[in-house]
Amino acid sequence: MVAVLLAGYGVLSVAQAAERIPGTPVSIEAPAGFSLSKQFTGYMNEAEGASIMVNEMPAPLEEIKHTFIPDLMKTEGVRLLATEEAVSHERKVWLYKIGQTANNQSFNKWILLQGDSKRSLMLVGTYPAAEEAKLGDAIKRSLISMDLAQGEEGKLNLDALGYSIQESDHLKIIRRVSNMLILSLPGEAAPAAEGVQPMMVIASSYSKVAIGDLVAFSEKHMKNTASLIEIAVQKESVKSVDIKGHHGVEMLANAENAKNHEPMKVYQLIVESNGTYYVLKGLVKAEQSEQYIPEFRKIAESLKITD
């Protein structure tokens with residue numbers, strides 16, 4: 001989630017009427033100049049280089065407040081600027097303002113947290129630090145305007161993903177986080193990176209990217225797979241594929257679980273379409289790879305880009 005938050009992208013002074021963000025139970029009064037994004041759950045103002053992003057998380061609010069926020073503050077280039085509490089539609093919310101410097105650019109972010117003992121909701125408003133006077137308060141007001149559709153919190157909603165996939169015999173969609181889907185064995189919660197079960201993650205990039213050599217890009221992405229170490233791409237597995245008219249690169253890698261050093265196998269397909277890339281990555285214990293790699297591949301081949 002830190003990686004999602006730090007990926008950030010605003011806003012004129014007059015808010016628009018409240019509008020439901022597709023794929024979420026959230027409605028907000030977006031600042032003027034913002035429009036719904038096709039690449040993530042939220043709003044974007046490309047002219048101002050600003051955004052508002054919604055993330056639903058299956059984690060208790062107290063865990064996010066006392067684990068995620070302190071971990072975020074340890075990230076290089078991030079500093080805490082302010083903390084506040086507020087009330088939004090009779091719900092208490094917590095606000096954090098941070099500054100972030102990355103790639104010689106300075107951004108400010110307002111983060112709103114709301115939730116209960118089972119799940120949390122995080123709204124992140126990002127804007128250039130140089131536009132603080134113009135955008136800061138407008139984004140903060142927009143976040144606080146947040147309202148939730150009753151009875152829909154925590155429900156799986158696949159609207160406005162920009163893509164679709166077919167589940168396999170054993171792997172089912174168990175969670176959505178912004179534009180990312182997580183597939184695993186139904187009824188289980190532990191991630192595959194801990195060696196407990198197979199897991200597949202599917203996501204699209206938040207913005208258009210100049211990829212260049214897709215093979216080199218794919219190998220770099222594979223070697224940066226979170227929670228794994230000693231990642232070694234199997235060179236003979238690297239191949240170009242066609243996914244419903246879109247160019248992709250498929251590969252396998254051997255790796256180790258970073259926590260317990262258990263041998264793992266990773267399947268990856270990256271598909272490129274009009275500057276947006278789609279990552280499909282499956283992780284499984286090496287001893288179970290013969291069973292689940294074919295399922296990862298079947299799911300990947302079912303990818304349909306809808307935008």
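How many bridges join strand β3 (residues 35-36) to β4, and in which sense do the two strands run? The points below address this question and the neighbouring strands of this predicted model.

1. Strand β3 is joined to β4 by 2 bridges, and the two strands run antiparallel. Within this pairing, Leu36 stands opposite Tyr43 of β4. The connection between β3 and β4 is a hairpin of 5 residues.

2. Strand β4, residues 42-45, is covered on both of its faces. Gly42 and Met44 lie on one side, Tyr43 and Asn45 lie on the other, and all four are buried. In a regular strand, side chains alternate between the two faces of the sheet. Tyr43, the residue facing Leu36 across the bridge, thus belongs to the side that also holds Asn45.

3. Strand β4 also pairs with β5 (residues 50-57), in the antiparallel sense and over 4 bridges. Here Met44 has Ser51 of β5 as its bridge partner. The hairpin of β4 and β5 has 4 residues between the strands, and Gly49 takes a positive phi near 65° in that hairpin.

4. Elsewhere, an open sheet is formed by 3 strands in the order β1-β2-β10, with antiparallel pairing. Because β1 (19-20) and β10 (147-148) stand at the edges with a single partner strand each, one side of each is left without a neighbour in the sheet.

5. Within that open sheet, β1 and strand β2 (residues 26-28) run antiparallel and are joined by 2 bridges. Glu19 stands opposite Ile28 of β2.

Methods. Residues are numbered from 1 along each chain as its sequence is written. This is a predicted model: local features need pLDDT of at least 70, side-chain atom pairs count only at pLDDT 80 or more; totals for chains, interfaces and linings use all residues. Side-chain values use heavy atoms; hydrogens and water are left out. Buried means under 20% relative accessible area, exposed over 50%, partly exposed in between (1.4 Å probe, protein chains only). Two strands pair if DSSP finds at least two bridges between them.
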